[in-house]
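Me: I am new to reading protein structures and would like some practice. Please choose one part of the model below, look at it closely, and then show me how to read its surroundings in the same way.

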Amino acid sequence: MSNATPPARVFSSDNAAGASPEIVEALVRAATGQALPYGADDLTATVRRRLGDLFEREVDVLLVSTGTAANSLSLAALTPPWGSVLCHRDSHINNDEGGAPEFYTNGAKLVPLGGADAKIDPLELRAAVRNKTGDVHSVQPSVVSITQATETGAVYGLEEVRALGAVTKDAGLRLHMDGARFAGAVAALGCTPAEVTWRAGVDLLSLGATKNGTMTADVIVVFDRTLTTELAHRGKRAGQLTSKMRYQAAQLDAYLAGDLWLRNATRANAMAARLQDGLKAIPDGELQGVTEANIVFCRLPQQVIDGLLGDGYVFYHDRWEPGIVRFVTNFTTTERDVDALLHAVGRHAGRPDARA
């Protein structure tokens, strides 16, 4: 009997991946000795410097434990309770944060907009930023939030971010980027992090490290530093000012060192591209939308879905219309994992010669 590790069968989320070995080793090192608490340690200062280098300007940072905290605290700092957050109807903050943005903003309203591939339509945004401004009977547009990469695996191009940033700034609003898969977007675009964030008008970025290699560490990158003090107080009030912050900082330090963040994302994207290419050959299968990061949507016959579930594969299949499934790769996904999944899809579709 072979002792080889069987192919991974969890394709529901990139949160299924563990932590990068470099990050685990950094945590072990941080566990020795003493360090000042509450972010006054040397590692937290190093993370701030690394992020400043990465984004080519001085930035402030707020280390948090979850992406939900990063998004919600960012939006709270940008939106009064009588304000509104303009976002795509398929965005994570609209569908998957359990009301946290509304809670942390003390009741600000999320206003969902349309657009293909879960990207905000610029024409819809242009109308929304002016909708009922000054009308005391209506919430006031305050912030635009875009998701990079989107929930469908598409990526906002540089010109698309710049266009939305221009509309936002012309209306006197702020721009937030939910970068849960930011590294994957940068890898796909081949641009610098600065080009697709503050140079395009982004004020706050939720960096999104957890899906890409860290354990319990995410971070808000603050480009508009007039928001720093308010964010610090909101972070404390939300229970996000950890006493032993060096453990979060150690993870992020290792994540940023040597471009680990970019290598991990490039790997995840490549595995999604491999999966997408293989699915094109499956009878009765139909790819949905575009795959530019690490998410693949496709339509599969019900017998294929049932067969995969019977094989022990885990993926989302019941959140959209019948037959639509989502597969997500991550930085630990291997060619063997992808090929085993494709072989199983082919077998259940009556095509046993699919890639194995």
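Reply:
**A close look at Glu56**

Glu56 has a relative accessibility of 39%, and it therefore counts as partly exposed. Please keep in mind that this is a predicted model.

Now turn to the partner of Glu56. The side chain of Glu56 meets that of Arg199 in a salt bridge, with 3.2 Å from N to O. Glu56 sits in the loop between H2 and strand S1 (60–64), while Arg199 is in the loop between helix H8 (182–189) and strand S6 (204–206), so this pair ties together parts that are 143 residues apart in sequence. Arg199 has a relative accessibility of 44%, and that is why it counts as partly exposed.

A search of the whole structure finds 20 salt bridges, and a few of the others are good practice. Take Arg162 and Glu159, whose closest N and O atoms are 2.4 Å apart. Both of these residues belong to helix H7, 3 residues from each other, or about one turn of the helix. Arg162 is partly exposed because its relative accessible area is 33%, whereas Glu159, at 56%, counts as exposed.

Another pair to find is Arg299 with Glu286, a salt bridge in which the closest N and O atoms are 4.0 Å apart. Here Arg299 comes from strand S9 (residues 295–299) and Glu286 from strand S8 (residues 286–288), so the bridge ties together parts that are 13 residues apart in sequence. Arg299, at 26% relative accessibility, counts as partly exposed. Glu286 is partly exposed too, with a relative accessible area of 46%. Salt bridges can also share partners: Asp14, Glu151, Arg181 and Lys211 are joined into one network in this way.

Let us go back to H2, the helix on one side of the loop that holds Glu56. Two packed helices are described by the angle between their axes and the distance between the axes. H2 packs with helix H10 (residues 246–256) at an angle of about 35 degrees, and their axes are 8 Å apart. The crossing of H2 with H10 is left-handed. On the H2 side, the residues that meet H10 are Leu43, Thr44, Thr46, Val47, Arg50, Leu51 and Leu54, and on the H10 side they are Arg246, Ala249, Ala250, Leu252, Asp253 and Leu256. Sorted by class, this contact has 8 nonpolar, 2 polar and 3 charged residues.

H10 has contacts with H1 as well. H1 and H10 pack at an angle of about 140 degrees, with 8 Å between their axes, and these two helices are therefore oblique to each other. H1 passes H10 in a right-handed crossing. In H1, Glu22, Ile23, Ala26, Leu27 and Ala30 take part, and they meet Arg246, Tyr247, Ala250, Gln251, Ala254 and Tyr255 in H10. By class, that makes 8 nonpolar, 1 polar and 2 charged residues. Among the H10 residues, you can spot Arg246 and Ala250 in the contact with H2 and again in the contact with H1.

Next, have a look at the backbone. Most residues other than glycine have a negative phi, and most peptide bonds are trans. Tyr38 has a positive phi, near 55 degrees, and is not a glycine. You will find Tyr38 in the loop between helix H1 (21–30) and helix H2 (42–55), and at 45% relative accessibility it counts as partly exposed. Asn106 has a positive phi as well, of about 65 degrees. Asn106 is placed in the loop between helix H5 (100–104) and strand S3 (109–113), and it is exposed because its relative accessible area is 59%. For a cis peptide bond, go to the step from Gln148 to Ala149, where omega is near -5 degrees. Ala149 is part of the loop between strand S4 (140–147) and helix H7 (158–170).

To finish, here is a residue to set beside Glu56: Asn269, which lies in helix H11 (residues 260–279). Asn269 counts as buried because its relative accessibility is 11%, and buried means under 20%. Leaving out residues up to four places away in sequence, Asn269 touches Gly184, Ala187, Ala188, Glu292, Ala293 and Asn294. Compare that buried Asn269 with the partly exposed Glu56 on your screen.

Terms used:
Residues are numbered from 1 along each chain as its sequence is written. This is a predicted model: local features need pLDDT of at least 70, side-chain atom pairs count only at pLDDT 80 or more; totals for chains, interfaces and linings use all residues. Side-chain values use heavy atoms; hydrogens and water are left out. Helices (H or I, at least four residues) and strands (E, at least two) are DSSP runs, numbered from the N terminus. Buried means under 20% relative accessible area, exposed over 50%, partly exposed in between (1.4 Å probe, protein chains only). Contact means heavy atoms within 4.5 Å. Axes are lines fitted to C-alpha atoms, for helices over the stretch in contact, and angles run from 0 to 180 degrees between N-to-C directions. A crossing is left-handed if the near helix is turned anticlockwise from the far one by less than a right angle, and right-handed if clockwise. Ala, Val, Leu, Ile, Met, Phe, Trp, Tyr, Cys and Pro count as nonpolar, Asp, Glu, Lys and Arg as charged, and the others, Gly among them, as polar. Angles under 35 degrees count as roughly parallel, over 145 as roughly antiparallel, 65 to 115 as roughly perpendicular and the rest as oblique.
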